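Open the model in your viewer and keep the selection tool at hand. We will go from one helix pair to the next and finish at the ligand.

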Amino acid sequence: MNSPPVPASPRIIPRAEHDISRARISPNALKVLYRLKDAGYEAYLVGGGVRDLLLGREPKDFDIATSARPEELQTLFRNCRLIGRRFRLAHVRFGREIIEVATFRAPHDIAEDEGDAALSEEGRILRDNVYGTFEQDAWRRDFTINALYYDIRDFSVVDHTGGVGDIREGVLRLIGDPEVRYREDPVRMLRAVRFAAKLGFRIEAASEAPLFELAPLLADVAPARLFDEVLKLFQGGAAVQSFELLRHYGLFGVLFPATEAALAREVDGFPLTFLLRALENTDRRVNEGKPVTPAFLFAALLWEPVRLRVRDLANDELGELPALQIAAAEVASEQTRRISLPKRFSLPMREIWTQQPRFSQRQGKRPMRLMAHPRFRAAYDFLCLRAQVGEIDAELCEWWTRLQETDEAGQQQLLESAGRPEGARRKRRRRSRARKAKPSDA
Ligand code: ATP
Ligand code: MG
């Protein structure tokens, strides 16, 4: 089929000519590599670990490719579990660290010749479970920069596909015929965007061109897999750049149809500014090592569709809060058809939304009750994000900030001042009515 010819000999970069030092490889990954080597198997570090080390970046995890079969891995490592839906992998566990070990696999077309792989009508890989040689394992990988192998025998780097040159030039290049490779597995389109955004690499022309046309193929990918990929795109520290590339290639609209539709009817730049602010915040937190939650991320990504739905639903009979509850449930359930959001995130996401009107109720015991709500902090951050982009009065966010920072006496004072209906509150109400009346805002 379309896979490129396997060259007779790969390029070997000896230890003296690259600067991957063992000191920067996880000791547990080294343990696995040495144990495999000593047992007589081929064993290499591969994928993101090698790529990131060559780029001088900290690898997220370490993957290993080996000639040992899964059953052999199980006898070699007691702390080993076989996993895998599409193909079998071994997870070797050391406390909290998991080293992923995969047996060399053949490219999918070779597997097909042997009757051990299957493609859908659209050319999607359904099964590819044929073991292969070291060379074959390199050619079935996605990008050249992800197909570099670190050899534990002599610490050299083995390059079958030209990845070392592409790393040097900052180029992202699919191995083989790009269109065929995207059709085999449309998630590769998201991986292209992710690596381009994260590493600041340029997607080479032939790998870039099919993206615009093939984007709709993503709609057929399992929603659970898309959830994992979306988290990597938006919680990997390059969310803003990923978002912009996804939109550029028409991929975002396949992942978040309602949000894309809302962005198309954008007024005064509001939804776009809101989203960019949310993603900037996420990037800042990730890069400062602070925790981020998918609940907040999805709450931000889907907020504009929720707002539009509330506006359609709310009328004299149905108040704002019930309308918000219905809208939240509808938007969440529509989105789940594309990207499955586990309940432990979708429930808090909906709470972040439905808490929003409660921030305007500043009388009596309500504020202190709201502060005790388990989702208060996330909902408050969300409120302030809305204030930052001018969706609501900045004074509201400031008031809640002061309420949290001050002592008991100060809190009493704030609550009393909010109890007085004159002034700020009335002004705010008038303004929100004026907003609703603007035709461009409907
Ligand atoms: P990171 O872990 O930093 O996100 P990575 O490149 O290591 O990046 P993984 O998802 O851990 O990504 O995959 C490990 C390796 O497996 C990749 O480097 C690539 O060689 C191969 N791989 C992963 N996904 C695919 C795919 N969809 N098609 C082909 N090869 C893939
Ligand atoms: Mg990895």
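Start by selecting helix α15 (residues 294–301) and helix α18 (residues 343–355) in this predicted model. Their axes lie 8 Å apart and make an angle of about 55°. Angles of 35 to 65 degrees fall outside the parallel and perpendicular classes, so α15 and α18 are oblique to each other. Look at the way they cross: α15 passes α18 in a right-handed crossing.

Now show side chains at this contact. From α15, pick P294, A295, F296, F298 and A299; from α18, pick F345, P348, M349, I352 and W353. What classes of residue make up the contact of α15 with α18? Colour them by class and you will find 10 nonpolar residues, with no polar and no charged ones.

Keep α18 selected and add helix α20 (residues 376–388). Here the axes are 9 Å apart, and the packing angle is about 55°. The pair α18 and α20 is therefore oblique as well, and its crossing is right-handed. To see who touches whom, select I352, W353 and Q355 on α18, then A378, A379 and F382 on α20. This contact of α18 with α20 divides into five nonpolar residues and one polar, with no charged residue. Pause on I352 and W353 of α18: these two residues take part in the contact with α15 and also in the contact with α20.

Next, move to helix α13 (residues 257–264) and helix α14 (residues 270–287). Their axes come within 8 Å and cross at roughly 130°, and α13 and α14 are therefore oblique to each other. Which residues meet here? On the α13 side they are T259, A262 and L263, and on the α14 side P271, L272 and L275. By class, the contact of α13 with α14 has five nonpolar residues, one polar and no charged.

For the last stop, select ligand 1 and show its surroundings. There are 16 residues around ligand 1, and R51, K60, D185, R188 and R194 come nearest. Three arginines are worth a distance label each:

- R188: an N or O atom of its side chain is 2.8 Å from a nitrogen atom of ligand 1.
- R191: a polar atom of its side chain lies 3.0 Å from an oxygen atom of ligand 1.
- R194: an N or O atom of its side chain is 2.7 Å from an oxygen atom of ligand 1.

Of these, R188 and R194 are also among the residues that come nearest to ligand 1.

Terms used:
Residues numbered from 1 in each chain as written. Chains lettered and ligands numbered in written order. Predicted model: local features only at pLDDT ≥ 70, side-chain atom pairs only at ≥ 80, totals over all residues. Heavy atoms only, no water. Axes fitted to C-alpha atoms, helices over the stretch in contact; angles between N-to-C directions. Helix = DSSP H or I, 4+ residues; strand = E, 2+ residues; numbered from the N terminus. Parallel < 35°, antiparallel > 145°, perpendicular 65-115°, else oblique. Left-handed = near helix turned anticlockwise from the far one by under 90°. Contact = heavy atoms within 4.5 Å. Nonpolar A, V, L, I, M, F, W, Y, C, P; charged D, E, K, R; others polar. Near = heavy atom within 4 Å. Polar contact = N/O pair within 3.5 Å; in protein donor to acceptor, adjacent residues only side chain to side chain.
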